[in-house]
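Reader: Hello! Could you walk me through this structure, one question at a time?

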Amino acid sequence: MTSPRPEQATSARLLVFVEDAVHRAIELTPKGLTIGRGPANDLVLADADRLVSRFHAEVRWENGRYVLLDLGSQNGTWMDERRVDRVELQPGLPVVIGPYRLIFDDTPID
């Protein structure tokens, strides 16, 4: 008799792109994630042009989904060329903060 095979685990992450290259990949947890130029953030986005605010955005786990909230940043958070205050993260859809593109990925892990 064979043992039941465990279900595939999913690991949610945020891929951070600069131009067309992956700059960093951050694992997401229900604890959430702060994003900004300031060193106190979980994800620090260096930006000499100051298009990224010191405390720019936050990723939260709400009702079984990850959402990204703009924290009143001066230059905004963008999706589909529209400024957004809050967006549910969807796999493959980029969110733009300054020169960075953030892409949510929840591909199953073997």
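Reader: Let's start with Asp20: what is its relative accessible area?
Author: Happy to begin there, and please keep in mind that this is a predicted model. Residues count as exposed over 50% relative accessible area. Asp20 is exposed, because its relative accessible area is 71%.

Reader: Which side chain does Asp20 meet in a salt bridge?
Author: In general, side chains of opposite charge can pair when their charged atoms come close. Here the N to O distance is 3.8 Å, and the cut-off for a salt bridge is 4 Å. The partner of Asp20 is partly exposed, with a relative accessible area of 26%. The side chain that Asp20 meets is that of Arg101.

Reader: How many residues apart in sequence are the parts that Asp20 and Arg101 tie together?
Author: Asp20 lies in the loop between β2 and β3 (21-27). Arg101 is in strand β12. The pair therefore ties together parts whose separation in sequence is 81 residues.

Reader: Where is the partner of Asp105 in its salt bridge, that is, in which strand?
Author: Asp105 forms a salt bridge with Arg13, with the closest N and O atoms 3.0 Å apart. Asp105 sits in strand β12, and the two residues are 92 apart along the chain. Arg13, in turn, belongs to strand β2.

Reader: Does Arg13 count as buried or exposed?
Author: The cut-off to keep in mind is that buried means under 20% relative accessible area. Asp105 has 17% relative accessibility, so Asp105 counts as buried. For Arg13 the value is 13%, so Arg13 also counts as buried.

Reader: How many bridges join β2 to β12?
Author: These two strands run antiparallel. Within the pairing, Leu15 stands opposite Ile103 in β12. The number of bridges that join β2 to β12 is six.

Reader: Which residue in the turn of the β11 and β12 hairpin has a positive phi?
Author: β11 and β12 pair in the antiparallel sense over four bridges, and Val95 stands opposite Leu102 in β12. Two residues lie between the strands of this hairpin. The turn residue, with a positive phi of about 55°, is Gly98.

Reader: How many of the six residues of β12 are buried?
Author: β12 is described as mostly covered. Asp105 in strand β12 counts as buried because its relative accessibility is 17%. The number of buried residues in β12 is five.

Reader: Which element gives the most to the largest nonpolar core?
Author: In soluble globular proteins, nonpolar side chains tend to be buried together. The largest nonpolar core here has 23 residues, of which Leu14, Ile35, Val59 and Leu68 touch the most other members. Elements that give two or more residues to this core include β2 (13-18), β6 (57-62) and β7 (65-70). The one that gives the most, with three residues, is β12.

Reader: Leu68 interests me; which residues does Leu68 touch?
Author: Leu68 is one of the core residues that touch the most other members. Leaving out residues up to four places away in sequence, its contacts include Ile35, Val59, Thr77, Val87, Leu89 and Val95. Charged residues on the list can be found too: Glu58, Asp85 and Arg86. To complete the list, Leu68 also touches Ala57 and Leu102.

Reader: Which residues are linked with Glu58 in a network of salt bridges?
Author: The side chains of Glu58 and Arg60 meet in a salt bridge, 3.1 Å from N to O. Arg60 counts as partly exposed, because its relative accessibility is 33%. The residues linked with Glu58 in the network are Arg60, Glu62 and Arg86.

Reader: What value is phi of Glu81 near?
Author: Most residues other than glycine have a negative phi. Glu81 lies in the loop between β8 (77-79) and β9 (82-84), and with 78% relative accessibility it counts as exposed. Its phi is positive, near 60°.

Reader: And in which loop does Ser53 lie?
Author: Ser53 is buried, because its relative accessible area is 15%. Beyond residues up to four places away in sequence, Ser53 touches Gly36, Arg37, Ser73 and Gln74. Ser53 lies in the loop between β5 and β6.

How values were computed. Residues are numbered from 1 along each chain as its sequence is written. This is a predicted model: local features need pLDDT of at least 70, side-chain atom pairs count only at pLDDT 80 or more; totals for chains, interfaces and linings use all residues. Side-chain values use heavy atoms; hydrogens and water are left out. A nonpolar core is a set of buried Ala, Val, Leu, Ile, Met, Phe, Trp, Tyr and Cys residues joined through side-chain atoms within 4.5 Å. Buried means under 20% relative accessible area, exposed over 50%, partly exposed in between (1.4 Å probe, protein chains only). Contact means heavy atoms within 4.5 Å. Two strands pair if DSSP finds at least two bridges between them.
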